[in-house]
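Here are my notes for your review, set out as numbered points. Please read them alongside the coordinates.

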Amino acid sequence: ESTKARLAAAEQEAKASKAAAEQAEIAKEQDAEVKDEALAASEKEAKELQAAKADLELAWGEVTKDLASEQDARKEAEEKLAALAKELEDAHLLADEAEALRKALQEAEEELAKRAGETDELGRELQVERALADESLEGVKGELSSKVDQLTADNEDLEEQLMALQAAAAALKALHAAVCQDGWGAPGDVGVALTRVSTQGGNEKGIKIGDVVPAGAAAESGEVIPDDLLLAVDGQSVDGMSAQQAAGLLEGPAGTPVTLKGQHGDQGETYEVTLIRRPKLYDGDVGVALAPVLTPGGKAGGKRQGIKIGDVVPGDAAAASGVVVPEDWLLAV
């Protein structure tokens, strides 16, 4: 600005010098001396003007140089300002992300607090259930201990029963050997006791083999076992027959064959087996087939060993009495 002012002043001086020169020219005509003086003054002013111009050009160079530096500084300042604006924008984005994270963290803390409350509630419920389970477990342990004691006592009874059966089997084998010496052709059967069974609804189910006499033909075949269903004898169905009628089909002269068709259990496999009738082991007795079983009451956890009448032979003494019937318990002899 100072240089511009000096330049303007110089221009004014130049104009004034020019006007003076014109006046001097006019005066030259009027007065030569005045003209010379004016010319000298004009030349002096011209020199001063040239000097001022040189100073002005030098000052203008400095101004141009300063202006270039100022533009570079301004450009650098603008670049820094743009960088700061970018950093500010990034800072705003980071602030938004931080706010979103803060909200997410707050929600997570609320959810965690909620879950913690639920976990505490579940913990209390589990403690209650565990206490109940412990009480139930103690009760089950007591029941199992009682059942083990009962099973131990029942096992002892079963061992006694097995010994009794083994003794009975030995006696029957001895009796069978004695009878078979001269018993062929006498009345015979296959050594099974039959009973008629029905379903819980009362419908007839069929003829069931209640007992298999040891040392009899059926027992030694290995096929016929207790609780089998008898389906047919020599091809004749026993459906609708009584136990006595079916037993009559099994009877015949000792030494003759008879074919049984049976079924293991209610839904087991069916089978056919041909047996040779043997002399009746109960000829000369009262005409009943006996089977050792467990009955309610007595020792050993509410059970005791007993003898049940599985079948009553028609025409023999027990049947003729009109008192003894199948499924009776034999209490004493």
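1. The strands and helices named below are DSSP runs, numbered from the N terminus, with at least two residues for a strand and at least four for a helix. In these terms Asp 234 lies in the loop between S4 and strand S5 (236-237). The model is a predicted one, and the values that follow should be read with that in mind.

2. The backbone at Asp 234 deserves a look, since this residue has a positive phi of about 50° although it is not a glycine. As for its surroundings, Asp 234 is partly exposed, with a relative accessible area of 47%.

3. A second aspartate invites a similar check: Asp 227 sits in the loop between H3 and S4, and its phi is near 75°, again a positive value in a residue other than glycine. The relative accessible area of Asp 227 is 44%, which means that this residue counts as partly exposed.

4. Strand S4 (229-233) pairs with S7 in the antiparallel sense over 4 bridges, and within this pairing Ala 232 stands opposite Lys 261 of S7. S7 is in turn joined to S8 by 7 bridges, the two strands running antiparallel, and here the partner of Lys 261 is Glu 272 in S8. The hairpin of S7 and S8 has 6 residues between its strands, and in it Gly 265 takes a positive phi near 70°.

5. Which residues touch the most other members of the largest nonpolar core? In this set of 22 residues they are Val 192, Leu 194, Val 224, Leu 230, Leu 250 and Leu 275. At least two core residues each are supplied by several elements, including strand S2 (192-198), strand S3 (204-212), helix H3 (217-221) and strand S8 (270-276), while the largest share, 4 residues, comes from H4.

6. Leu 230 may be a useful residue from which to inspect the packing. If residues up to four places away in sequence are not counted, Leu 230 touches Leu 194, Ile 207, Val 238, Ala 246, Leu 250, Leu 260 and Lys 261. Lys 261 thus appears both in this list and as the residue opposite Ala 232.

7. There is also an open sheet of 3 strands, in the order S6-S1-S9 and with antiparallel pairing. Its edges are strand S6 (252-253) and strand S9 (278-279), each of which pairs on one side only. Strand S1 (residues 187-189) is joined to S6 by 2 bridges, and Gly 188 has Gly 252 in S6 as its bridge partner.

How values were computed
Residues are numbered from 1 along each chain as its sequence is written. This is a predicted model: local features need pLDDT of at least 70, side-chain atom pairs count only at pLDDT 80 or more; totals for chains, interfaces and linings use all residues. Side-chain values use heavy atoms; hydrogens and water are left out. Two strands pair if DSSP finds at least two bridges between them. A nonpolar core is a set of buried Ala, Val, Leu, Ile, Met, Phe, Trp, Tyr and Cys residues joined through side-chain atoms within 4.5 Å. Buried means under 20% relative accessible area, exposed over 50%, partly exposed in between (1.4 Å probe, protein chains only). Contact means heavy atoms within 4.5 Å.
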